[in-house]
Amino acid sequence: MTDTDLTLDLEELVSAEDFLNYFDIAFDQTVVHVNRLHILQRFHNYLTKEPVASNDDAMREQYTRLLTKAYSDFVDSDAKTEKVLKVYRMNEPQTAFVTLESLFGKG
């Protein structure tokens, strides 16, 4: 895979504000200040659920759409409700699979 103009530009972005400004997404600084890590993590999570677009124009549209969605998730919500980061999911019930062999020492 060769680097495109978009991927080279993305390498220079370091903050949530940089990403939002780069993709020309209007934002409330107060929302971003409180939720910047959560917004970027949610953006990453959304990106991993879709195939990567095939060219710069399509990728720019995809990234703009998903970053807008990630930011919007926190406009009327908060980090504790959205539970993007692991720290907010640590006290939730956990599911574990235990085989009968491990219980009876036959494994």
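Helices in this account are DSSP runs of at least four residues, numbered from the N terminus. The model described here is predicted, and its helix α4 offers a convenient place to begin. In α4, arginine 65 and glutamate 61 are 4 residues apart, which means that about one helical turn separates them. Their side chains meet in a salt bridge, with an N to O distance of 3.4 Å. Side chains of opposite charge can pair when their charged atoms come close.

Arginine 65 also meets the side chain of glutamate 50 in a salt bridge, at 2.9 Å from N to O. Glutamate 50 belongs to the loop between α3 and α4, whereas arginine 65 is in helix α4, so this pair ties together parts that are 15 residues apart in sequence. Glu50, Glu61 and Arg65 are thus linked in a network of salt bridges. Each member of the network is partly exposed: the relative accessibility is 26% for glutamate 50, 37% for arginine 65 and 45% for glutamate 61.

The structure holds 4 salt bridges. One of them joins arginine 36 to glutamate 17, with the closest N and O atoms 2.3 Å apart. Because arginine 36 lies in helix α3 and glutamate 17 in helix α2, the pair ties together parts that are 19 residues apart in sequence. The two partners differ in their surroundings: arginine 36 counts as partly exposed at 27% relative accessibility, while glutamate 17 is buried, with a relative accessible area of 12%.

Helix α3 itself deserves a closer look. Aspartate 28 caps its N-terminal end, placing a side-chain oxygen 2.8 Å from the backbone nitrogen of threonine 30. Further along, α3 has a kink of about 85 degrees, centred on asparagine 35. Asparagine 35 is also among the buried residues of this helix, a group that includes Val31, His38, Ile39, Phe43 and Tyr46. Tyrosine 46 makes a polar contact through its side chain with the side chain of aspartate 73, at 2.5 Å. Aspartate 73 lies in helix α4, and its relative accessibility of 19% is the reason that it counts as buried.

The interior can be considered next. In soluble globular proteins, nonpolar side chains tend to be buried together. Here the largest nonpolar core has 21 residues, and those with the most contacts inside it are Leu10, Phe19, Phe23, Ile39, Phe43 and Leu67. Two or more residues come from each of the elements α1 (5–10), α2 (16–22), α3 and α4. The greatest contribution is that of α4, which gives 6 residues to this core.

Between α3 (29–48) and α4 (56–73), the connecting loop contains asparagine 55. With a relative accessible area of 39%, asparagine 55 is partly exposed. A polar atom of its side chain lies 3.0 Å from the backbone nitrogen of aspartate 57. Asparagine 55 is 51 residues from threonine 4 in sequence, yet the C-alpha atoms of these two residues are 8.5 Å apart in space.

Finally, the surface also carries nonpolar side chains. Leu100, Leu103 and Phe104 form a nonpolar patch there, with about 380 Å² of accessible area together. Leucine 100 lies in helix α6, which covers residues 100–103. Its relative accessibility is 58%, and leucine 100 therefore counts as exposed.

Key. Residues numbered from 1 in each chain as written. Predicted model: local features only at pLDDT ≥ 70, side-chain atom pairs only at ≥ 80, totals over all residues. Heavy atoms only, no water. Patch = residues over 30% accessible without salt bridge, like charges linked within 9 Å, V, L, I, M, F, W, Y side chains within 5 Å. Areas by Shrake-Rupley, 256 points an atom, 1.4 Å probe, with all protein chains shown as cover. Buried < 20%, exposed > 50% of the residue type's maximum accessible area, 1.4 Å probe, protein only. Polar contact = N/O pair within 3.5 Å; in protein donor to acceptor, adjacent residues only side chain to side chain. Bend = angle between axes of the 7 residues up to and from the residue. Core = buried A, V, L, I, M, F, W, Y, C linked by side-chain atoms within 4.5 Å.
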